[in-house]
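Trainee: I'd like to go through this model with you, starting with the backbone and then moving on to the ligand. Could you pull it up?

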Amino acid sequence: MHRLVFRFPEMDEQPTPIVIVVLGPPGAGKGTQSSLLADLMRVPHISIGALLRSYARDDSKVGLRLRAMMALGQLVPDTLVLEVLATRISEPDYARGLILDGFPRTLGQAELLERGLLKSPFQANNLGDNLVALHLRVQRSTIVGRLSGRRICSRCSATYHLETQPPRVNGECDFDGSALTVREDDRKATVLKRLHIYEQETAPILRHYTENASLLEVDGEQPKENIAHEIVTAIQGMLRISIAGAKNVQSTLEDNG
Ligand code: AP5
C-alpha cells in the first residue's frame, strides 16, 4: 500500500523522491503535462509509450512484434513493458523523483509498483512508497479531435497539434526540422480500440488509487497552461513542497515550444 507523505521540505532538499503517476485516456494530455511537470520539478519524464515506440523502430523480432501490437492499439505484454521500464530506471537520474507516463495501465501493473518495482541500486527507498496519482479527465469528443490532429516528430518525438499547437514551419519539427508524422495508432479505428482497452483495463486503477493513495482529479479540457498551473498548485499544497518552476509555468511552456 502506498504511503503518501503530506509534509515535505523544499523540493531542493527533498530527502525522498516522489513518483507522479499520470493517468488518463489516450489523448488526455498525459505526455504534454508530464513533460511540463518534469521541467518544472526537474525530474525525468518516463513515457513507457515513447520508450516502446523507440524499441519498435528496430527491425529485430521484438521490434516487429511491438510495432504490430502497438499499431493495433493493444497493450504490450508485461514482460516487455517491465524490461523496458527496468532498463530505464537503471539510469541514476531520478534522485528527486520521476514522472511516470503510461504506467501502470492495469491493476496488475499497479500492484507491481507497490511491490517494489521501482527499487533500484541508486535509491535507498522504494520509489513507489511516495506516489501521487494524477487523473486527467477529458470527454471522448475531445480525445478524437486531439488525436486526429496530433503530429509527432519522426526523430525526437516532440508532439504537435495541427490546430492547438502547430509547428512554426508546416510539417517540420521546431527542434530539429525533421518531418512530422501521424502516429500509426492515431487512426480512428485504432483510437476507438485504445479507448475501449482504457475503459476495461486502465480505468479501474483510478478507484484503486482513490482507495489506496491520493488521486488528484484534474479537468483536462482546459488550456494546457491552466492544467499545468492547477497541477503544480495542487501538488505543492498536498505535499507541502515548493516546486522551483511553479511561478513560471507560462515561460516553461514557451521554452518547450
Ligand atoms: P502511449 O504513448 O502512452 O499512448 P496513450 O496512453 O494512448 O496516450 P497518448 O500518447 O495517445 O496521449 P497523451 O495522453 O499522452 O496525450 P498528448 O499529451 O500526446 O502508449 C502507446 C501504446 O504503447 C499503448 O497503446 C500500448 O500499446 C503501449 N503501452 C504503453 N504503456 C503500456 C503499458 N504500461 N502496458 C502495456 N502497453 C503499454 O496530447 C494529445 C494531443 O492533444 C497532442 O497533439 C497535444 O498537442 C494535444 N493537447 C494536449 N493537451 C492539450 C490541451 N490541454 N488542449 C488542447 N490540446 C492539447
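Trainee: Where is R42 found, between which two elements?

Mentor: Keep in mind that this is a predicted model. R42 catches the eye for its positive phi of about 55°, although it is not a glycine. Most residues other than glycine have a negative phi. As for its place, R42 sits in the loop between α1 and β2 (45-47).

Trainee: Which two residues does a cis peptide bond join?

Mentor: Most peptide bonds are trans. Look in the loop between β3 (97-101) and α5 (107-117), where P104 is found. With omega at about 0°, the cis bond joins F103 and P104.

Trainee: Are α1 and α8 oblique to each other, or something else, and what angle do they pack at?

Mentor: Their axes are 10 Å apart, and the crossing angle isn't in any of the ranges for roughly parallel, antiparallel or perpendicular, so α1 and α8 count as oblique to each other. The crossing of α1 and α8 is right-handed. The angle at which α1 and α8 pack is about 55°.

Trainee: And α6 with α7, is that crossing left-handed or right-handed?

Mentor: The axes of α6 and helix α7 (residues 188-212) come within 11 Å and cross at roughly 140°. Roughly antiparallel needs an angle over 145 degrees, so α6 is oblique to α7. As for the hand of the α6 and α7 crossing, it's right-handed.

Trainee: On to the ligand: which residues come nearest to it?

Mentor: There are 36 residues around the ligand. By class, that shell has 14 nonpolar, 13 polar and nine charged residues. The ones that come nearest are T32, Q74, R105, R150 and R194.

Trainee: How much of the ligand does the protein bury?

Mentor: Start with some polar pairs: an oxygen atom of the ligand is 2.8 Å from a polar backbone atom of G31, and a nitrogen atom of the ligand is 2.8 Å from a polar backbone atom of G102. From a side chain, a polar atom of R183 lies 2.9 Å from a ligand oxygen. Taken alone, the ligand exposes 1000 Å², and the share of that buried by the protein is 95%.

Trainee: Which element gives the largest share of the shell around the ligand?

Mentor: Elements that give two or more residues to the shell are α1 (30-41), α2 (48-56), α6 (140-149), β6 (159-161) and α8 (224-239). The largest share is four residues, and it comes from α2.

Key
Residues are numbered from 1 along each chain as its sequence is written. This is a predicted model: local features need pLDDT of at least 70, side-chain atom pairs count only at pLDDT 80 or more; totals for chains, interfaces and linings use all residues. Side-chain values use heavy atoms; hydrogens and water are left out. A residue is near a molecule or strand if one of its heavy atoms lies within 4 Å of it. A polar contact is a pair of N or O atoms within 3.5 Å; within protein, one must be able to donate a hydrogen and the other to accept it, and residues adjacent in sequence count only if both atoms are side-chain atoms. Accessible areas come from the Shrake-Rupley method with a 1.4 Å probe; for residues, only the protein chains shown count as cover. Ala, Val, Leu, Ile, Met, Phe, Trp, Tyr, Cys and Pro count as nonpolar, Asp, Glu, Lys and Arg as charged, and the others, Gly among them, as polar. Axes are lines fitted to C-alpha atoms, for helices over the stretch in contact, and angles run from 0 to 180 degrees between N-to-C directions. Angles under 35 degrees count as roughly parallel, over 145 as roughly antiparallel, 65 to 115 as roughly perpendicular and the rest as oblique. A crossing is left-handed if the near helix is turned anticlockwise from the far one by less than a right angle, and right-handed if clockwise.
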